[in-house]
Amino acid sequence: MHASEFFQESAIQNPWTEVDKADWNDWKWQLKNRITSLEQLEELLELSPDERAGCHFANKKLALAITPYFFNLINRADPKDPIRQQVIPRIQETQTHEEESIDPVGEEGSSPVEGIVHRYPDRVLFLVTDRCAAYCRYCTRSRLVSNAQAYNFHPKYEAGLEYIRANPQIRDVLLSGGDPLLLSNNKLDSLLSALREIKHVEFIRIGSRIPVFLPQRIDSELCAILKKHGPIWMSIHVNHPNECSAELKQACDHLAFAGVPLGNQSVLLKGINNQAEILKNLIHKLLLMRVRPYYLYQCDLINGSAHLRTDPREGIALIQALRGHTTGYAIPQFVIDAPGGGGKIPINPNYIESINEDAIVMKNYEGKRYSYPLNPQATTDLQLNCDPNTEDSDWIEPILA
Ligand code: SF4
């Protein structure tokens, strides 16, 4: 079976059945015809009281916007549809819990210039826009994305570029926002040119959900720009197999053929993708689209996200249910972006039972025990940082002395 046979072109639902195919496939038409109001939603769906109330408040927190293409993927008969829950506001978003905050991963504290987050020495996050094609109701950056909260984020490219030029230790730049692929071709081209002119910038990445929300945007002009400045790596953001349409597959094909290596970052979301079978289906589809599952994020502690967050132990159990049970390439790294600004911390199931003087004792994916001998010579050069009193220590890290 050819890979493309696993992907269905979405059947266009009302009110778009009469739309000219050329318009439907035009990304500018898609943007112009986004669903942005409660009134529009009411015409398309029977909203629950929670959703209706959520829509009343949405534009004070994070704008409501959904492209017709992405909305069309919703099964309207299912109130718990996984796409619906990602983009239609609910009243729970307005309920803030003690552990939550407006800047849950502490980006503001690492921002030397507006739009630059410099947390790790050799790399920066460069926020180049506050706009997205559609808005995810759990967005970590909802303080600034869509400018609904009067944060007044106005990216200043020259100030960001100047900061990168002045800091020669920066070898890696991640363009994000908002969604960098919403910049015009001219703007994106000149931004990438300016970055490529900085000798110490080796590695350029783009974080984008455009292939998912607006795959029509991935056209030959855009791909030519990405190819010209390549290698440009890209992290896309797919959470559920229902997002893996023929249109997304085609967008990923275009990007891959333009030499863009693709990874995926999913967020673990309650009632949306927190089941092993759903995740397995998703990661298999990603591989067929040439996308390497990269991170599975524990949902950040953003204000009003409790209804979508899972317990972190669920993420560990899900990885355990996948590792060894499918292709290793397909397994994403489960991470928690540490609250307050500690960066991404990998969270793994514990496969190490113990490390004694002679051997490392491990469990495999079936729970069977194996041991592997240590190299007696190496023990003089390595200091093992582990707690010998904890048989099940999951914090075992060899450190070069
Ligand atoms: S696409 Fe990314 S930046 Fe935009 S709303 Fe979704 S999570 Fe936030």
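**Figure 1. Nine strands side by side.** Two strands count as paired if DSSP finds at least two bridges between them. With that in mind, look at this predicted model: here 9 strands form an open sheet, and the pairing is mixed. Reading across the sheet, the order is β1-β2-β3-β4-β5-β6-β7-β8-β9. At the edges you will find β1 (116-120) and β9 (343-346), each of which pairs on one side only. From one strand to the next, the twist averages 30 degrees.

**Figure 2. A parallel pair inside the nine-stranded sheet.** Let us zoom in on β3 and strand β4 (residues 203-207), which run parallel and are joined by 4 bridges. To find your way, start at D172, which stands opposite F203 in β4.

**Figure 3. A sheet of three strands.** This view shows an open sheet of 3 strands with antiparallel pairing, in the order β10-β11-β12. Which strands stand at the edges? They are β10 (352-355) and β12 (369-373); each has a single partner strand, so one side of each is left without a neighbour in the sheet. The twist averages 20 degrees from one strand to the next. Between β10 and strand β11 (residues 359-363), the antiparallel pairing runs over 3 bridges. One residue to look for is S354, whose bridge partner in β11 is V361.

**Figure 4. Around the ligand.** Here we visit the residues that surround the ligand: C132, Y135, C136, C139, R141, V145, G177, G178, D179 and R209. Sorted by class, this shell has 5 nonpolar, 2 polar and 3 charged residues. Two of its members, G177 and G178, deserve a second look, as the peptide bond from G177 to G178 is cis, with omega near 20 degrees. G178 sits in the loop between β3 (172-176) and α8 (185-196).

**Figure 5. Y135, in the core and beside the ligand.** Nonpolar side chains tend to be buried together in soluble globular proteins. In this model, the largest nonpolar core has 83 residues. Which of them touch the most other members? They are F70, V124, F126, A134, Y135, Y138 and V173. Y135 is also one of the residues around the ligand. Leaving aside residues up to four places away in sequence, Y135 touches L62, A63, L64, A65, V87, V145 and S146. Among these contacts, V145 is another residue around the ligand.

**Figure 6. A cis bond before a proline.** Now follow the backbone from G230 to P231, where the peptide bond is cis, with omega near 5 degrees. P231 lies in the loop between α10 (220-228) and β5 (232-236).

**Figure 7. Two residues with positive phi.** Our last view brings together A150 and R290. A150 has phi near 55 degrees, a positive value in a residue other than glycine. You can find A150 in the loop between β2 (123-127) and α7 (157-166). Is A150 buried or exposed? A150 has 7 C-beta neighbours inside 10 Å, so A150 counts as exposed. R290 is not a glycine either, and has a positive phi of about 65 degrees. The loop that holds R290 runs between α12 (276-288) and β7 (291-298). With 16 other C-beta atoms within 10 Å, R290 is partly exposed. The cut-offs make sense of both labels: 12 or fewer such neighbours means exposed, 20 or more means buried, and partly exposed lies in between.

Methods: Residues numbered from 1 in each chain as written. Predicted model: local features only at pLDDT ≥ 70, side-chain atom pairs only at ≥ 80, totals over all residues. Near = placed C-beta within 6 Å. Nonpolar A, V, L, I, M, F, W, Y, C, P; charged D, E, K, R; others polar. Core = buried A, V, L, I, M, F, W, Y, C linked by C-beta atoms within 7 Å. Contact = placed C-beta atoms within 7 Å. Axes fitted to C-alpha atoms, helices over the stretch in contact; angles between N-to-C directions.
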